[in-house]
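Reader: Hello! I would like a close look at one chain and how its interior is put together, with some context on its partners. Please give me the cut-offs as you go, as I like to know what each term rests on.

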Amino acid sequence: MYSTKWVILLIIAFLGICFSPLIYNVSAPGFELEMPELDEPEGDHCIEDADWMEPNHMDLLLEMRTQTIRDPGGRFYESKTYPGEVYEGTTYQCFECHTSKTDFCDTCHEYNGVSPYCWHCHNTPEVLEEYNR
Amino acid sequence: MINPFLEIVVPYAAFAIFIVGVLYRFVSWANSAVPLKIPTTSGQAGTLPFIKRSFYDRIDSPYNKWEVALRMLAEVFLFRSLFKNTRYYQSRHEHRDTRWLWGFAILFHWSFLIVLIRHLRFFIEPVPEPFIYVTELIALKIWVPTIYITGITSLIGLGYLFLRRLFSGNERTISLPSDYLALILLISVVVTGLVMRYIYKIPLAPVKELALSLIVFQPVAVDVHWLFILHLTLVSITIAYFPFSKMMHAGGVLFSPTRNMPNDNRKRRHVNPLNPPYHGITREEYNEMYKDQLEEIAERDYNFRPEV
Amino acid sequence: MSEEVPPPESLTFERKHKSWRQMLEPVTEKDFKHGYYHFWALKKHIEPLDIPFAREIDPMQRDWELPPNWKEIFLQNFEDTLRKNRAFKVFMDICVRCGACADKCHYYLGTGDPKNMPVARAEIIRSIYRRYFTKAGRIFGELAGARDLTEDVIKEMYYYFYQCSLCRRCSNFCPYGIDTADIVWWGRRLLNSIGVTHRFSHISIEASARTGNHLGLYPLGIAEALESVAEDVYDVTGVVVDVPVNKKGAEILFVAPSADYFATPHWFACMSYLMLFHEIGLDYTWSTYASEGGNFGTFQAYELAQKLNHKVYEEAKHLGVKWIIGGECGHMWRDKHQFMDTMSGPADFLEDPVSPITGTYFENAADTKMVHICEFVADLIRHNKIKLDKSRNDHWKVTFHDSCNPSRGVGLLEEPRFVIKSCCNYFYEMPEHTIRDKTYCCGSGGGLLTEEIMELRMRGGMPRAMAAKFVHEKYGVNMMANICAIDKAAFPALMEYWKLPVEICGIDELLGNALIMKGEKERETDLRGTPYRRED
């Protein structure tokens with residue numbers, strides 16, 4: 001092998017990049033393979049089917065927002081999974097059951113490395129609670 | 001039955017092929033000798049002190065190893081040589097700078113790199129706050145989910161690279177099926193990714209669990225959505241194909257002697273490890289061959305002054 | 001000018017776009033075009049060079065009389081090349097066929113033949129590499145862009161490897177620096193191993209290996225040729241200059257391409273060397289053993305290049321000089337800059353190249369100990385060691401053609417311009433994309449300076465001719481200076497063919513015109529005999 005020094009450097013760099021997630025996971029404190037259990041919400045069932053809600057809740061929120069702002073009298077949302085059940089199109093509706101952002105929303109968002117920008121403007125259950133107090 | 005195979009066996013096999021394949025290519029290139037120092041000098045060489053060299057000369061015609069490092073960085077991260085691309089207009093014999101290929105190539109490569117880096121959030125746990133902050137910097141926060149520009153631009157870049165092979169005469173002529181294959185693989189990977197993010201959303205937690213379990217070598221066949229399995233399989237095929245395909249240009253450019261060697265040939269000697277000995281007429285043999293004539297030159301005292 | 005080349009008005013440059021499958025079909029003698037293929041090497045030239053299987057055939061005949069086990073020999077040598085040359089191996093592997101090189105090749109622009117795209121030229125041999133040295137090619141065959149090695153493929157290699165002038169323009173634009181010149185160079189070496197080779201280069205290589213110069217001149221012939229150059233110097237300037245030949249113990253060995261004392265317009269540059277060295281009183285010598293700076297071996301094979309450039313160092317050692325100056329030549333300087341020290345060095349028996357006139361240490365030649373005449377002259381001018389009268393070049397409106405090898409193989413861009421600007425009042429650059437590192441080849445380099453491929457040469461020179469036409473029409477340029485012996489030989493024909501009234505000179509000729517010598521008479525003409533116009 002020629003120019004051995006450079007090739008070994010290159011190989012080390014290449015392996016370092018390929019295995020960097022492994023190295024991080026092994027060395028970082030607080031590594032958990034599975035997502036921590038979510039805070040069990042209070043009510044019977046969610047607005048829509050829970051399995052549907054998991055990947056698609058942002059669509060629902062977006063739709064509610066659009067209705068609320070654009071449609072006259074559109075503050076109400078009728079569930080598709082549970083026909084006849086009508087909900088208010090506001091995050092406060094969600095807070096009725098999901099009483100903690102930290103234990104519910106954030107658990108999953110943090111695990112998946114997502115940082116939605118909802119809470120830049122909107123209240124969280126925690127803020128609300130403090131305000132009420 | 002199919003899940004453990006596609007979720008564990010295939011990705012591990014592909015990853016192993018990728019690592020071993022790339023290392024094999026590196027070593028096989030390194031096993032060949034470098035007979036000559038042949039940098040392509042695209043600028044003024046290092047020379048007399050009063051001949052000024054611009055910054056670009058230093059990059060394009062490096063005189064020491066730091067300038068070589070600059071040249072390689074410019075080549076790898078900015079595609080400097082491609083940036084110089086021109087087009088020849090036959091009808092009026094005129095050249096114009098043409099940077100379409102450069103633009104879309106750099107669009108694709110950088111976008112794809114950022115997409116790859118952002119994928120780290122599925123492979124590391126806990127995800128550090130600054131990492132999320134940085135990767136979200138150029139995300140478009142006009143929609144939920146947040147729109148990642150680079151995912152879309154990498155598709156645009158790939159689309160251009162694909163279409164030019166179909167519609168430009170020169171490129172159609174030189175494109176082999178393997179060129180299309182590489183592009184189709186990448187396009188399908190990107191498309192499945194985009195579909196999962198924006199159109200047909202799938203639960204993420206199992207995906208991350210699978211990714212984590214694979215990366216720390218404690219594989220669990222988690223129940224994930226079929227769309228993700230498709231994505232994963234396409235990625236596996238792509239990385240397994242990587243070392244044996246033209247995609248290996250990513251590593252090969254580092255081995256290219258016309259770019260990674262300094263243009264200081266006359267200052268520092270390059271040694272060819274396999275340099276053969278000289279075969280030919282030596283000066284002594286030459287003296288014998290042309291004895292009479294050389295003697296005549298000697299008789300004139302090695303000096304030829306014109307008779308005037 | 002040969003009669004058969006069609007006039008420029010009748011040339012068409014239509015680009016043909018074949019499908020990839022058609023591209024894999026070899027071009028054979030059935031499709032060879034007259035004016036594009038080279039004559040076959042003669043036995044008397046290649047046998048002394050140890051090129052095996054020498055035979056004399058016509059490339060247009062069907063049977064090329066390849067040796068019975070040619071395939072094994074070829075593949076064996078292919079494997080050997082892959083092991084010996086990393087560049088070759090890497091370039092086989094990493095091309096992505098992006099097409100950036102396609103319209104950079106002057107032969108592609110001039111002929112429109114898709115196989116003249118640099119990428120396609122490399123694919124000719126890359127397809128063989130894939131078939132025999134990669135898994136994908138072995139399994140998927142044509143789909144992976146691989147094809148069997150057949151006699152037809154050998155014919156195609158012969159046809160297209162000798163349609164490349166090794167100018168490296170494509171390498172400049174390639175995002176991975178793939179150097180088609182390197183592929184072609186080593187490819188020609190592979191062809192040599194089965195005795196498939198062209199005539200032109202080997203005439204010169206054989207002559208140079210035997211006599212020390214491409215022309216095959218004997219020692220006295222060289223000395224007398226130089227003497228008559230000195231006579232011409234006397235005729236123009238009235239100064240008698242000495243020509244030291246084989247002088248032992250001189251300080252500097254001067255090596256120039258042999259065409260300089262044999263052909264025009266090289267001759268005038270040679271006159272100026274003698275004038276310059278006389279004027280500054282340089283203690284130098286010419287040599288008859290190393291009477292050739294050029295190295296046609298660099299067009300053919302590593303070993304042949306070494307065979308020729310070895311002589312320079314051996315002669316320097318023999319004569320006991322301190323260091324070496326090299327004359328104007330293109331591929332010679334690729335050889336001297338990039339090859340010679342590696343192939344024949346180290347030159348540790350020589351001393352540091354320090355100009356005896358100005359005391360400048362040529363740091364950039366610290367190891368090879370060989371300095372380009374342009375660097376040497378630029379240094380002299382900078383230190384005001386020579387007197388120049390620019391107005392003696394006022395009848396020339398000069399442009400500068402960067403020769404391929406000094407620009408893309410050495411990086412010699414500013415020194416020649418500095419010299420020209422110091423010697424001439426009227427200097428105009430050709431369009432930006434045709435100079436410096438993007439310069440076009442004259443169309444005749446790399447072993448293509450031969451009569452039988454005149455049409456190819458004229459077509460290949462088209463982009464350069466068009467650039468010259470541009471400055472001729474815009475600024476009235478009537479002189480194209482360059483620093484390459486092949487340019488000087490090729491351009492007069494090219495300019496005549498494209499009907500451009502532009503003359504060709506070495507930049508040293510401009511220097512010689514401007515150089516004010518001690519004791520010279522008033523000059524009636526410039527070095528090439530053009531009378532100076534008088535006001536009265």
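Author: Happy to help; here is chain C, from its overall form to its core, domains and backbone details, followed by its partners.

This is a predicted model, in which local features need pLDDT of at least 70 and side-chain atom pairs count only at pLDDT 80 or more, while totals for chains, interfaces and linings use all residues. Residues are numbered from 1 along each chain as its sequence is written, with chains lettered from A and ligands numbered from 1 in the order in which they are written.

Let us start with the overall form. Chain C holds 22 helices and nine strands, where helices (H or I, at least four residues) and strands (E, at least two) are DSSP runs numbered from the N terminus. Along its principal axes, the C-alpha atoms of the chain fill a box of roughly 75 × 50 × 40 Å. Chain C has a radius of gyration of 23 Å, which agrees with the value near 24 Å for a compact globule of 536 residues (taken over C-alpha atoms; the globule rule is 2.2 Å times the number of residues to the power 0.38). Of the 536 residues in chain C, 65% are buried; that term asks for 20 or more other C-beta atoms within 10 Å of a residue's own, whereas exposed means 12 or fewer and partly exposed lies in between, with C-beta atoms placed from the backbone. Two residues are in contact if their C-beta atoms, again placed from the backbone, lie within 7 Å. Among contacts in chain C between residues at least 6 apart in sequence, 78% join residues at least 24 apart.

Now to the core. A nonpolar core here is a set of buried Ala, Val, Leu, Ile, Met, Phe, Trp, Tyr and Cys residues joined through C-beta atoms within 7 Å. In the largest one, which has 237 residues, C:Leu226 and C:Leu274 touch the most other members. Helix H13 of chain C, residues 266-280, gives the most to this core, with ten residues. At least three residues come from each of domain 1 (8-198) and domain 2 (205-514) of chain C; the domain bounds come from an automatic or database assignment. Once its neighbours within four places in sequence are left aside, C:Leu274 is in contact with C:Val229, C:Ala230, C:Val233, C:Val241 and C:Val243. As background, nonpolar side chains tend to be buried together in soluble globular proteins.

How do the two domains meet? The C-alpha centres of domain 1 and domain 2 of chain C lie 31 Å apart, and 27 residues of domain 1 of chain C are in contact with 33 residues of domain 2 of chain C. On the domain 1 side, helix H5 (106-111), helix H9 (169-173) and helix H10 (180-192) of chain C give two or more residues each. H5(C) makes the largest share of that side, with five residues. By class, this side has twelve nonpolar, eleven polar and four charged residues, counting Ala, Val, Leu, Ile, Met, Phe, Trp, Tyr, Cys and Pro as nonpolar, Asp, Glu, Lys and Arg as charged, and the others, Gly among them, as polar.

Some backbone details may interest you too. The peptide bond from C:Thr264 to C:Pro265 is cis, with omega near 5°, and C:Pro265 lies in the loop between strand S2 (252-255) and H13 of chain C. That is the helix which gives the most to the core. C:Phe53 has a positive phi of about 55° although it is not a glycine, and it sits in the loop between helix H2 (43-46) and helix H3 (70-84) of chain C. C:Phe53 counts as partly exposed because it has 16 C-beta neighbours inside 10 Å. C:Leu166, another residue other than glycine, also has a positive phi, near 55°. C:Leu166 belongs to the loop between helix H8 (151-161) and H9 of chain C, and with 25 other C-beta atoms within 10 Å, C:Leu166 is buried.

Finally, the partners. Of the two pairs of chains in contact, chains B and C share the most contacts. Chain A and chain C do not touch, and their nearest C-alpha atoms are 10 Å apart. The contact between chains A and B takes 33 residues from chain A and 36 residues from chain B.
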